[in-house]
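Morning, everyone. I have one structure to go through today, and I will keep it short. Please have a look at it before I start.

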Amino acid sequence: MKGERRLRVMVAKPGLDGHDRGARIIARAYRDAGFEVVYTGLHQTPEEIVEAAIQEDVDMLGLSSLAGAHMYLFPRVIELLQEKGAEDIVVCGGGIIPDEDIAKLKSGGVKEIFTPGTPLDEITAWVREHVKPRA
Amino acid sequence: MTKTFNKEIFEEINKGKESWEETCNDAFSCTPERLKRFSTVSDQEIKRIYTPDDIQNHDFMRDLAFPGQYPFTRGVQPSMYRGRLWTMRMFAGLGSASDTNRRFHLLVKEGQTGLSTAFDMPTLMGYDTDAPKARGECGKCGVAIDTLVDMEDLFDGLPIDQITTSMTINPPAAVLWAMYIAMAENRGIDRKVLGGTIQNDMLKEFIAQKTFMCPPEPSLRIITDTVEFGTKEVPRWNTISISGYHIREAGSTAVQELAFTLADGIAYTQAAVERGLNVDDFAPRFSFFFNSHLDFFEEIAKFRAARRMWGKIMRERFNAKSPRSWWLRFHTQTAGCSLTAQQPYNNVVRTALEALAAVLGGTQSLHTNSLDEVLAIPTEEAATIALRTQQIIAEESGVANTIDPLGGSYFVEALTDRMEEEAFEIIRKIDDMGGMLSAIEKNYPQQEIADAAYHYQRRIDELDRTVVGVNKYVTDEDIPVEVLEIDEELERIQMEKTERVKSARDNKRVTEALQRVGEACAGTTNVMEPIIDAVKAHATLQEVCDVFRKVYGEYRDPGIY
């Protein structure tokens, strides 16, 4: 890893959902794992998130949703990243996401979905393995 | 003084305790204690045993007394459940107003005794279904209400003059309450007879639940308007449900839940007193809403401490004279955050234990979570099992036969005292910061909760706390449960419905009414009557909320983690 810069990750809360306990815990776990962390705070539109992710030049974007709107919000983020030519930013998600939806989201470009009960260290290990600093 | 214990007994008790400790230590030298440290969900350390020594200075009449007597440790009403059981109030809301109306009729038919409404995210945030920000959210986690017509459909055929209705609504609480009043008046029901609750607790939104619209100060002004209006116009309505539930769900400890909630209550009381209202005119209409988490005795002690603390706060700090102002009446919901997506049927058992703690703690009303609530909005079957859980506790278990059955338990009394002491310490800290409003501006409660939530998650990950089915007794097998899905078509149908309402209304009347709302917001006139006029003219929820946003600006999440 010599010479490689630290991973930059963004944790984002798309939509109106206010359940931010998970997102904030994850943000802290990423920070403790040595990543550079940007947390958007609540109530972000997909447009705002994608713009911030590009501006902050992040390597990964983690989306959290617990109020059922993930099937609109997550694909919209992917679509916008593609439009802006930033599809190399790895997108993963977490929250209350039913199994059927996980399959659909993954085939639509979300790299991984973490559901409740996943240990924090497992998530940070996944990030280390699957996300590399963008060129 | 009516000291519970004579001084003389302690010497003998402590001697007995010492010799018991020795035998215990002998036993532990063969088989060590199961854990290095025994602690609650909130990580409060718990001793091996409790004796009168732990509550040495207890004074029965001062610290406990009888139910209905100050300081109300044993319950606010003299008769408690010997007279009337708690209200079984299941929170429900899904899809369209008519979908939720059907669920309400089912719950009433199955023996539920009060209604409780869950709104969808756009409604909670003061947006109409057609707002760009609301895309994909309509009806997902509650019912969508855009106009008075939706409110009328929601309560169609329900006897709102006899049944009480709770509405979990915060930034736009004044608007939804205005719609409820307008709906009743259109049916010919006097607002004076309406009973129910609006949550209307913005401080805990900034702290924990995070549905916000305008900044803290104007939010508190609107709340004070509703308190003033309710006191004069809708005397049977609980104008604020001061909520610890969400504070706990966001990850606080039990003591933090207690302290932050009561500190919020102090801020609302202070604001209404500063408005010139007499504390005994409005305080009896404040109610509370707590979480019941898994740590059985800690929760029971929390409820008992809350009652005693609020009694002291109202009597000593605010000089309230009416015993009704001293009462802490509360609704309880079992802890959503304690449920697991893994092995979901275990959630029935968790909920039963939490509900039992709430009942032993003397709750006035109770919502029991459904086993599938961690996955989606409950199905009818799951909601019915949750209601049956309460009915079994009430009518089969015998726990409601006597009042405060755990009163006098050395352990529960010691825990009650300790939680009161620690929570008052936090309240003092908040007072020193200049009260809850400035504590929030300094992000104090937000940061404290973030720390506690992270600590708790780490304990689970490090197997320091067991979560059955998650970090212990894990099975690979997938246990399928039926999950309720909300029709994606609903969004379009709801938008069309609101469009029809808009095209049939008198737009001039709407514009004028909204202008009066704006003038009230900018000035000092109470906002409630202008809002009732506006919703009667079929102004939409968002049209009224946009007036608030324009006058007061919008609050943005500081993103503390």
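I will talk about a sheet, then a helix, then the contact between two chains. Keep in mind that this is a predicted model.

First, the sheet in chain B. Five strands make up an open sheet, in the order 2-3-4-5-6, and the pairing is parallel. Which strands stand at the edges? They are strand 2, residues 91-92, and strand 6, residues 237-238; each has a single partner strand, so one side of each has no neighbour in the sheet. Elsewhere in the sheet, strand 4, residues 165-168, runs parallel to strand 5, residues 196-198, and 3 bridges join them. If you want a place to look, B:Ser166 stands opposite B:Thr197 of strand 5.

Next, helix 22 of chain B, which covers residues 528-536. Its buried residues are B:Met528, B:Pro530, B:Ile531, B:Ile532, B:Ala534 and B:Val535. What covers them? The cover includes helix 6 (148-154), helix 7 (173-186), helix 9 (216-233), helix 21 (507-522) and helix 23 (541-552), again of chain B. After helix 22 comes B:His538, with a positive phi, near 70 degrees.

Last, the contact between the chains. Chain B puts in 31 residues and chain A 29 residues. On the chain B side, helix 5 (121-125) and helix 19 (444-461) each supply at least two residues. Helix 19 of chain B gives the most to that side, with 5 residues. By type, the chain B side divides into 15 nonpolar, 8 polar and 8 charged residues.

That is what I have; questions are welcome.

Notes
Residues numbered from 1 in each chain as written. Chains lettered and ligands numbered in written order. Predicted model: local features only at pLDDT ≥ 70, side-chain atom pairs only at ≥ 80, totals over all residues. Buried ≥ 20, exposed ≤ 12 C-beta atoms within 10 Å, placed from the backbone. Helix = DSSP H or I, 4+ residues; strand = E, 2+ residues; numbered from the N terminus. Contact = placed C-beta atoms within 7 Å. Pairing = 2+ DSSP bridges. Nonpolar A, V, L, I, M, F, W, Y, C, P; charged D, E, K, R; others polar.
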